[in-house]
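Dear colleague,

I am handing over the structure we spoke about, and below it I set out what was found when it was examined. Please read the notes with the model open beside them.

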Protein chains: 4
Amino acid sequence: MSSTDAEATASLTPRGRRTRHALVDAAKEVFERDGFAARITDIAEHAGVAHGTFYTYFESKEEIFLAVSQELLEEFFPGRPRTDAPAPRDAYAAIESTNRQYLESYRRHGRLMVLWEEMPGVSPGLSGLIDDARAAVVDRTRRAILRLQSAGAADPAVDARYAAHALGGMVNRFAYGWVSRDEEFDLDTAVTQLSLLWANALRVPVPVPQRRSR
Amino acid sequence: MSSTDAEATASLTPRGRRTRHALVDAAKEVFERDGFAARITDIAEHAGVAHGTFYTYFESKEEIFLAVSQELLEEFFPGRPRTDAPAPRDAYAAIESTNRQYLESYRRHGRLMVLWEEMPGVSPGLSGLIDDARAAVVDRTRRAILRLQSAGAADPAVDARYAAHALGGMVNRFAYGWVSRDEEFDLDTAVTQLSLLWANALRVPVPVPQRRSR
Amino acid sequence: MSSTDAEATASLTPRGRRTRHALVDAAKEVFERDGFAARITDIAEHAGVAHGTFYTYFESKEEIFLAVSQELLEEFFPGRPRTDAPAPRDAYAAIESTNRQYLESYRRHGRLMVLWEEMPGVSPGLSGLIDDARAAVVDRTRRAILRLQSAGAADPAVDARYAAHALGGMVNRFAYGWVSRDEEFDLDTAVTQLSLLWANALRVPVPVPQRRSR
Amino acid sequence: MSSTDAEATASLTPRGRRTRHALVDAAKEVFERDGFAARITDIAEHAGVAHGTFYTYFESKEEIFLAVSQELLEEFFPGRPRTDAPAPRDAYAAIESTNRQYLESYRRHGRLMVLWEEMPGVSPGLSGLIDDARAAVVDRTRRAILRLQSAGAADPAVDARYAAHALGGMVNRFAYGWVSRDEEFDLDTAVTQLSLLWANALRVPVPVPQRRSR
DNA sequence: TATGAATGAGTATTCATTCAT
DNA sequence: GATGAATGAATACTCATTCAT
């Protein structure tokens with residue numbers, strides 16, 4: 001549970017905590033079903049509380065969407081990297097692991113992730129928040145690329161910042177297409193292929209087994 | 001002017017044609033300013049016609065947005081490739097040319113392109129239409145990759161369909177980030193870098209000059 | 001009809017003018033009945049139009065209240081004095097005429113005048129507007145007193161500004177009490193008495209007939 | 001402390017008395033800040049008690065406003081006159097003393113007095129109560145005028161009841177304007193001027209020093 | 001007594017769409 | 001074709017008041 005959530009919850013009685021929780025759960029379901037057009041009335045109804053009760057805990061749809069998103073934010077944009085910087089020769093493994101985690105998380109949250117992508121059209125405020133988190137991750141990628149280049153393990157012609165944006169976008173967009181349309185993709189193949197493309201793009205050596213994967 | 005537009009226009013008197021045109025122009029401006037939340041009243045006002053006149057020409061906001069989008073659809077997803085399949089040894093040049101065109105077009109239409117991306121959250125019907133067009137382009141990319149592979153000019157370990165989705169997404173997402181946020185990118189560098197990543201990813205040979213570009 | 005009203009009406013079709021008028025009339029009735037707590041729904045209903053139609057003509061309750069008040073504003077705080085400055089020896093007659101006009105107008109508009117007085121508690125914006133108009137009248141009174149003093153026709157110990165505020169307030173408050181509570185007052189007596197008090201206060205000579213009026 | 005307050009307080013435990021007191025204090029502040037639109041939540045919060053606690057002591061906003069007003073009621077409309085009827089020849093001194101007290105009290109309670117005036121627009125019940133108190137004072141004034149007239153010390157042409165209403169209103173309205181708008185008045189001058197006007201109006205002799213006061 | 005969560009009636013407001021002229 | 005007035009469904013939000021603990 002994210003810190004923000006803990007904060008919001010701190011001053012509540014157990015009963016209040018239960019109600020708030022029910023609202024967040026309900027909101028998750030309703031957002032998944034109706035997108036951001038979800039009606040506050042429906043959320044309250046789903047949670048089994050009166051209309052006005054919603055406003056005891058949240059000031060707006062944005063705010064509860066944020067609460068629903070807390071978990072995702074932490075999962076996709078952790079405060080700190082989930083793994084230590086890998087030795088250059090493990091670069092491929094790190095890429096693959098990151099991609100696998102990303103795709104799995106993305107698919108697990110499915111409709112909600114899609115909502116994130118479409119947020120700017122609908123709630124600029126919220127999407128700014130997501131953008132910030134995203135920027136941090138792009139920056140981490142950028143630094144990782146620079147490290148590989150220093151170690152002579154990546155194409156020096158590549159501009160780390162441009163590449164971080166482009167490759168991050170590649171995986172993100174792939175996942176988005178997968179979830180939002182009904183493309184037929186296979187998880188393992190997707191991980192292998194995206195990692196191969198990513199590694200190739202940077203000219204990071206790809207271990208032999210992958211090269212035969214299809 | 002696209003065929004659909006021509007159709008819609010055919011049965012109108014000259015005066016009607018003018019009014020319809022004014023509405024589409026106005027809509028473009030207003031959509032760019034307000035996003036898809038634009039109000040029909042504003043569009044009509046901008047076009048200098050009465051509110052009700054809108055409905056003489058369009059049945060809904062979706063419909064006029066579609067009309068506004070016709071031009072873009074044609075530009076981004078032309079009915080037929082704009083260039084013939086290049087000889088394998090010109091692969092890099094083709095990649096670069098495609099990317100440059102894409103980025104230039106995307107930037108030219110700026111806010112409107114962003115609207116396209118965010119459409120699904122807001123008008124599923126329309127976005128289906130865009131998706132279809134997109135799919136055609138992805139398929140063309142897929143076949144191009146297959147051709148390169150047959151010619152021994154691209155990494156055979158790459159799955160053409162996955163790669164077509166991924167690399168198309170890469171450029172699309174990069175352009176989106178560029179336009180929707182205020183990232184500082186340089187057009188030439190962006191073209192060079194994205195093309196380098198794309199070519200690298202497929203292990204398509206990159207001519208020497210690029211390799212020194214930064 | 002005040003200029004503001006004419007303006008608002010200028011761009012409307014006859015039908016629109018009729019509807020707008022119906023709304024203002026309805027509002028007057030409803031405000032008189034319910035005070036400023038009147039509901040917009042009621043006003044629309046009273047005017048025999050749909051709820052939303054209200055918003056075709058007015059943006060808020062304040063705005064229609066202002067429209068309702070236009071006529072009163074002009075009556076109580078005319079852009080220019082309704083009479084020329086009287087010769088000093090007619091001072092009493094002028095006082096009496098002004099008071100009679102004021103009391104008659106106030107009583108004619110009854111409940112609506114009372115609403116004006118209570119406006120500050122309920123809509124500071126509107127009341128500021130009324131205050132401004134009131135200030136202009138107070139200033140006119142002040143200058144009239146100064147004129148009388150120069151002519152040696154009024155007590156020189158009186159401070160014209162303080163007196164203008166005080167005596168204007170006296171008549172206003174008297175009228176307010178008369179209308180808002182059910183005090184039993186007689187119009188002629190009220191005019192005579194207020195004028196006597198006013199004249200006495202300034203030591204303006206009071207013609208003999210008045211002195212016997214009761 | 002007024003009798004009503006004492007009553008309400010009698011049956012409470014010391015702790016209850018403290019809480020009730022905190023609520024009344026808080027209400028005074030909040031009413032002064034927000035007018036009668038003050039929210040019960042805010043009052044409770046200000047008093048440092050839970051929302052629901054309010055209802056342990058008061059049934060409604062009106063009721064606590066009344067409690068807040070007790071002190072003022074007593075100050076402005078004392079159960080008995082604060083001074084004995086003055087000898088006719090001290091009439092002016094009595095007028096001046098009353099006016100000074102009134103203006104000082106009014107200004108001391110400032111925003112709250114203004115609230116009183118605007119009460120009818122907002123809570124007819126309460127304002128009826130205030131009206132009653134006011135009526136008692138007007139009646140006292142009326143009888144004082146009659147006394148002066150019997151003693152030959154005031155203009156016999158003046159109708160005591162009309163004058164009591166008018167002159168009371170004059171001072172009240174002057175004070176209201178002073179407090180609610182930002183008129184620049186000076187206390188001593190105001191007292192002198194209002195007393196002068198009042199005395200003049202009744203043709204009560206004004207001692208010489210006043211006549212030179214400005 | 002105190003708490004604070006829950007309630008829900010009440011009201012304003014927006015805007016796509018219809019339709020008489 | 002054009003007009004612009006009229007419509008009314010849809011929904012958000014506030015806050016006094018109740019009540020279980």
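**What was found**

A polar atom in the side chain of D:Y57 lies 2.5 Å from a phosphate oxygen of DNA strand E, and I begin with that contact while asking you to keep in mind that this is a predicted model.

The surroundings of DNA strand E comprise 30 residues, of which A:T19, A:Y57, C:R39, C:H51 and D:Y57 come nearest. Of the atoms of this strand that come within 4 Å of the protein, 74% belong to sugar and phosphate. A:Y57 also has a phosphate contact, with an N or O atom of its side chain 2.5 Å from a phosphate oxygen of DNA strand E. A base is reached as well, since a base nitrogen of DNA strand E is 3.1 Å from a backbone N or O atom of D:G52. As for the helices, α2 (14-34) of chain A, α3 (40-47) of chain C and α2 (14-34) of chain D each contribute at least two residues to the surface near DNA strand E. By class, that surface near DNA strand E holds 12 nonpolar, 12 polar and 6 charged residues.

Turning to the other strand, there are 29 residues around DNA strand F, and those that come nearest are B:T13, B:Y57, C:T19, C:A50 and C:Y57. Sugar or phosphate makes up 73% of the atoms of DNA strand F within 4 Å of the protein, and the rest belong to bases. Three polar contacts to phosphate may be worth viewing one after another:

- The side chain of C:T19 places an N or O atom 2.2 Å from a phosphate oxygen of DNA strand F.
- For B:Y57, a polar side-chain atom is 2.5 Å from a phosphate oxygen of DNA strand F.
- For B:T13, the distance from a polar side-chain atom to a phosphate oxygen of DNA strand F is 3.3 Å.

The surface near DNA strand F draws at least two residues from each of α3 (40-47) of chain A, α2 (14-34) of chain B and α2 (14-34) of chain C, and its residues divide into 11 nonpolar, 12 polar and 6 charged.

For chain A there is also a database record to set beside the model: an unreviewed UniProt entry lists residues 39-58 under "DNA-binding region". In the model, this span of chain A is 60% helix and 0% strand, and the C-alpha atoms at its ends lie 14 Å apart.

On the arrangement of the chains, chain D can be laid on chain C with an RMSD of 0.2 Å, by a turn of 179° and a shift of 0.0 Å along the axis, which is the relation of a two-fold axis. Of the interface residues of chain D, 100% are also interface residues in chain C, so the copies meet through the same surface. Chain B, by contrast, does not touch chain C, the nearest C-alpha atoms of the two being 12 Å apart, and chain B does not touch chain D either, where the nearest C-alpha atoms are 35 Å apart.

One last residue concerns chain C by itself. C:D159 sits in the loop between α7 (124-150) and α8 (160-180) of that chain, and C:D159 counts as buried because its relative accessible area of 12% is under the 20% cut-off. A polar atom of the C:D159 side chain lies 2.9 Å from the backbone nitrogen of C:R161.

With best wishes

Technical notes:
Residues numbered from 1 in each chain as written. Chains lettered and ligands numbered in written order. Predicted model: local features only at pLDDT ≥ 70, side-chain atom pairs only at ≥ 80, totals over all residues. Heavy atoms only, no water. Near = heavy atom within 4 Å. Polar contact = N/O pair within 3.5 Å; in protein donor to acceptor, adjacent residues only side chain to side chain. Helix = DSSP H or I, 4+ residues; strand = E, 2+ residues; numbered from the N terminus. Nonpolar A, V, L, I, M, F, W, Y, C, P; charged D, E, K, R; others polar. UniProt positions renumbered as here; feature names shortened; annotations may be inferred. Contact = heavy atoms within 4.5 Å. Buried < 20%, exposed > 50% of the residue type's maximum accessible area, 1.4 Å probe, protein only. Least-squares fit on C-alpha atoms with pLDDT ≥ 70 in both.
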